[in-house]
Amino acid sequence: MEQRLANSLIMTVNEKKFIENALVSDIRVDGRRPFDYRNLTIRFGSEDGSSEVQLGKTQVLAFVTGQLVQPYRDRPNEGTFAIYTEFSPMADPSFEPGRPGDSAIELGRIVDRGLRESRAVDTESLCVIAGKLVWSIRIDLHIIDNGGNLVDAANIAALAALSTFRRPECTIGGEDGQELTVHPPDVREPLPLIMHHFPVAVTFGFIGKENIVVIDPTHYEEEVMGGSLTATLNTNGDVCAIQKAGGDGVLQSVIMQCLRIASVKAGDITSKIKSAVESYNTQRALRKIKRHNPSSAVSNAAKHNEESTQVNTETKSIQQSSDTNTSASTHDVTNIGSPEQQSKTLKDAVKPKHKKRKKSTSNANAS
Amino acid sequence: MEYVSPEGLRLDGRRPMEMRQLRAELGAVSRADGSAVFEMGNTKVIAAVYGPREVQNRSQQINDKALIRCEYTMANFSTGDRMRKPKGDRRSTEISLVIRQTMEACIMTHLMPRSQIDIFVQVLQADGGTRSACINAATLALADAGIPMCDLVTSCSAGYLNSTPLLDLNYVEDSARGPDVTVGILPKLDKVTLLQMDAKLPMDIFENVMQLATEGCKAVANYIREVLLENTKQLENRRGV
Amino acid sequence: MEAKPSNLVDQLVVPGDVILDLSNMANQTLKLSGGLRQDGDSICVMKAGKLRFMKPNKYWVESSQKRYVPSAGDNVLGVVVDTKPENFLVDIKGPALAFLPVLSFEGGTRRNIPKFEVGTLLYVSVVSANPGMNPELSCMDVNGKAAEYGVLKEEGYMFESSTGLARSLLSSPPHPVLEGLGKKLSFEIAVGINGRFWVNALQSSTVILVGNAIQKSESLSLVQQKIYLEKLLKSIQL
Amino acid sequence: MRGMELSLNHTQKLRLQRALESLESLSSGTNSNASVTVADSIPVNQEDGVLKGHGTTDLDGEVVATVCGVIERVNKLVYVRTLRARYKPEVGDIIVGRVLEVAPKRWRLEINFSQDAVLMLSSMNLPDGIQRRRTAVDELNMRSIFEENDVVSAEVRDFMRDGSLQLQARSQKYGKLERGQLLTISPYLVKRRKQHFHHLEKYGIDLILGCNGFIWVGEHVEVKDDMVEDEHTPTKPDAKSNKSQISQSLEEQEQTYTPLETRQYICRIANAIRVLSTLGFSITLDVILEILDLSTKNGIDIHEMLGAEFCVLVAEKEAERRSLSTRKKR
């Protein structure tokens, strides 16, 4: 009992009343107007496919990884796409450790629906060999700090991470056209995902008896509000997903008004994400030039050559590996660090660690 | 694929704005405080309500209102492919949450402090629109249990295929991966409490589809009201003076 | 013989610092308060902050933190979280919930127990705070009068702050931002040493302005605070 | 039809339908428009000033029902009488409950309310019958009075400050119920009367119609002043009790022995109540006795009482009875 009381946010009567009363005079506790969005900062990690989004006090980390897997039987030539959420008690003591709670699942489902059902990512281009191998894209969303409106922040983080993610290029060769080569990033430039459009989630809260609409509620406002509506839209004015899971009823006209506001906000946010991604890409290009700086390469040159030859021999037939779970941890692949690490990742890219030794011996036997 | 024939008929022979046959029956579970079976065409769900009763887990007790819990399950035999589905997957957890929050919006929870109301809904046959059917069944079961509500909640879905807004999608239409809008309304207040939508739809068309779904909700509300009134009259007449 | 106070007084100290060496001190009584401990012959610091000294022999470390360590005699802002037959359970940001006995109100008897709903904001004083026990609160001063204590009006807004900010709001000379705002605007404020303050004014916008200005002032130096205040006051007049 | 899991043949179906129809026609004249469902607006004369009672709420100046039921008006008060719902306690109601938990100084009882009811040790007469201070020993011996799953009759005392319900059993007629059956039916079928305890002398049976829909049918127990006897016979010495153990157990056997005939009557009455409750007829002593007569007159076995034929018979009988009573009134 006491434990629960200590973990849950208890709002004072004063705060609850004040939030409502202040809204009547068009102002919110943090000084915003009802339709002002909080400050949005998008940062990227040192690796491709990772982003950190800060929305007011809310912080969300997104990490995109790819893996080669067998496709689903009903969609043999489409890559898969999954979203995982992590709500750690670190972000908010009301999150319980262990099993994901209702809110974690709802958040995952809203982001998932917005991105997947509207086909934001071109999954068909993720197919390597139809029915045999496709790229499986996994987005991990970590909530670092809960300051309210996790959905929007998580959605933006996912979009930003997806637009910087690159997967290693694969080619199919061999006599039967079934031999797969995964090219390391320094041999062939890894490929970005094809994004058709940017579905941006915008959340509204309905507060008080008159259901006053506020955009981007803080966690205090979330505690007070009677219901919320998350609209996912893109810049073309298409509605990609809507979630209003119960709560206070609102008029249809209010919903349409929300959608129109959301469409404007979605435009703003999209341009913010795009400019952030662009600056990241220019930086990345700069880094790459540095990377090819000969002075640093000299010391590793000998080893490096060895590596690349090894890579070429590391081609393998699919039949052989159909039972093994082929995996490529791409965030490692893109990390051009020490050669030791690289050699490991390259092997990882084609087969799991524990099968490594066995496989190489069997290869030797075969040859 | 053609979902609407040139004559303006859907795969199951309905017109675009036509709803499937509704059927509701109260008192399907004798042990429960309230229960109902609700059918929309071939979709069939059963709902049972227990409570208000003593809170089972003391630490969850709320001092100024009732605790509402909801469990949604899909029977293994409800769909065509008979797969053992793991209990508590993400989809059913989400639907449980959605049903709970939707019903919470209309139950007058402050009248039953320190108690708990459990809503169980189970899909017996799934043929599209299970979410809506579950909400309609839950409303009926709650009303049957005599739990005070400020309004009924009724729900209906609508979609958009072959450039035509379609009311009350069935499974084939649902799995066409087209837009699917599920609406839940409070008919007396004429307000929308539940709104879920997938896939992509321009805003003006969305408005039309939502409008269509709302009309569907109103039709469901009329039917539910009739069923409840008939049931109430029957109970009162039988009881005698 | 009067020992010289530690030369670290009013300096920043960190855990592990030794502020006094007892071995070269004559027989003398020392009073140690929060953040200090005796380790053999030396007095060690346990938490980072400023070392304070009060004549004749009291030492403590003052720091700013989010949590509050209850200590008797403090005036705090508490939030009612539950009602029990004998006590109200009140959250005062401490490590444990505090008990407010239902009878510790002016003229409190079994017959006139006040009714507080969950979330009621109270201005209370800490009566006792011992480790291992829930702190006890009271809504009376030493004479059994209500004084200023009790329920705060059900308007206004409660802001969270650090304990350091709360202390500086209560200190004299008064907090420059608070003083400056007070000259131009009319509002009420109640500060709890536990890192909470409540602001009320006729207009919601005033409450929000004052609250956010005070919260922001914490990260500013004295000079910056003055500049910030001037800017803020100008913007209001516009 | 609700609650009917019987398989009726064609004629039975028709007969039942006819009986129910005649019931409908009998009561439809009285209050046909009074039934409402959730969110139906209730017509009121706003100028007179209206007091909104249970099951109603205000929506933009309109009085709206929040439950399904029948509108009732008492002077200015307007409320909706619910039909199927959990029990709504009123102070003074006689109820039957089942002990869930023995807690410090109190028992928790399941009474079909939204919360468990509380029976304090201090609000009941101890077996020795005298009002006295409850000691720690009494507290330790609480299980000897009521244990978990005991069936108890009591009276609703009041609501406590925190909203929980308090019971009392400060009379010899309340207390533990033994040797009988507990039936649970919907509370709306039990009407509040002066008498809820019935002693059917003819059958040697006690019938308690609890307002909460819990009904007790059991062997008649003489309310006797236990304590008087107890005081006269102080606790026997151990040696003596050892000797008399055999005789005592015989004595006990005799005490707990219920004649077969009584048991049959208990079942017969219980089944009569079951039939009435499946048909949704209100349950009063007169009706129960009538059904009992009906079953014996027609020579229907106890187990056949829950069958389709008897169910139809009961419905016809009830229709006949009600039409007679309305005719009498006219």
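Good morning. I begin with chain B, where UniProt, in an unreviewed entry, places the feature "domain: Exoribonuclease phosphorolytic" at residues 18-148 and 151-216. I should state at once that the model before you is a predicted one. For the second of those stretches, residues 151-216 of chain B, the secondary structure comes to 27% helix and 42% strand. The C-alpha atoms at the two ends of that span are 17 Å apart.

Let me turn to chain A, and to one element of it. Helix 2 of chain A covers residues 13-24, which is 12 residues. From its first C-alpha to its last, helix 2 reaches 17 Å, close to the 16 Å expected at 1.5 Å a residue. Which residues of this helix are buried? They are A:Val13, A:Asn14 and A:Glu15, followed by A:Phe18 and A:Ile19, and then A:Leu23. A general point is useful in reading such a list. An α-helix has 3.6 residues a turn, so residues three or four places apart point the same way. Just after helix 2 of chain A comes A:Asp26, whose phi is positive, at about 65 degrees.

I move next to chain C. Its fold contains four helices and 16 strands. The C-alpha trace of chain C spans about 60 × 55 × 25 Å along its principal axes. Of the 238 residues in chain C, 35% are buried. If we take the contacts in chain C with a separation of 6 or more, 63% of them are between residues 24 or more positions apart.

Chain D may be described in the same terms. Nine helices and 16 strands are found in chain D. This chain has 330 residues, and buried residues make up 35% of them. Among contacts in chain D with a separation of 6 or more, residues 24 or more positions apart account for 64%.

Finally, I come to the meeting of chains C and A. How many residues of each chain take part? On the chain C side there are 21 residues, in contact with 17 residues of chain A. Three elements of chain C each supply at least two residues of that side: strand 8 (75-83), strand 14 (157-160) and helix 3 (204-217). Helix 3 of chain C gives the largest share, four residues. As for the classes of residue, the side of chain C that touches chain A has 10 nonpolar, six polar and five charged residues.

That concludes my presentation. Thank you for your attention.

Definitions and conventions
Residues numbered from 1 in each chain as written. Chains lettered and ligands numbered in written order. Predicted model: local features only at pLDDT ≥ 70, side-chain atom pairs only at ≥ 80, totals over all residues. Expected span 1.5 Å × (residues − 1). Buried ≥ 20, exposed ≤ 12 C-beta atoms within 10 Å, placed from the backbone. UniProt positions renumbered as here; feature names shortened; annotations may be inferred. Contact = placed C-beta atoms within 7 Å. Nonpolar A, V, L, I, M, F, W, Y, C, P; charged D, E, K, R; others polar.
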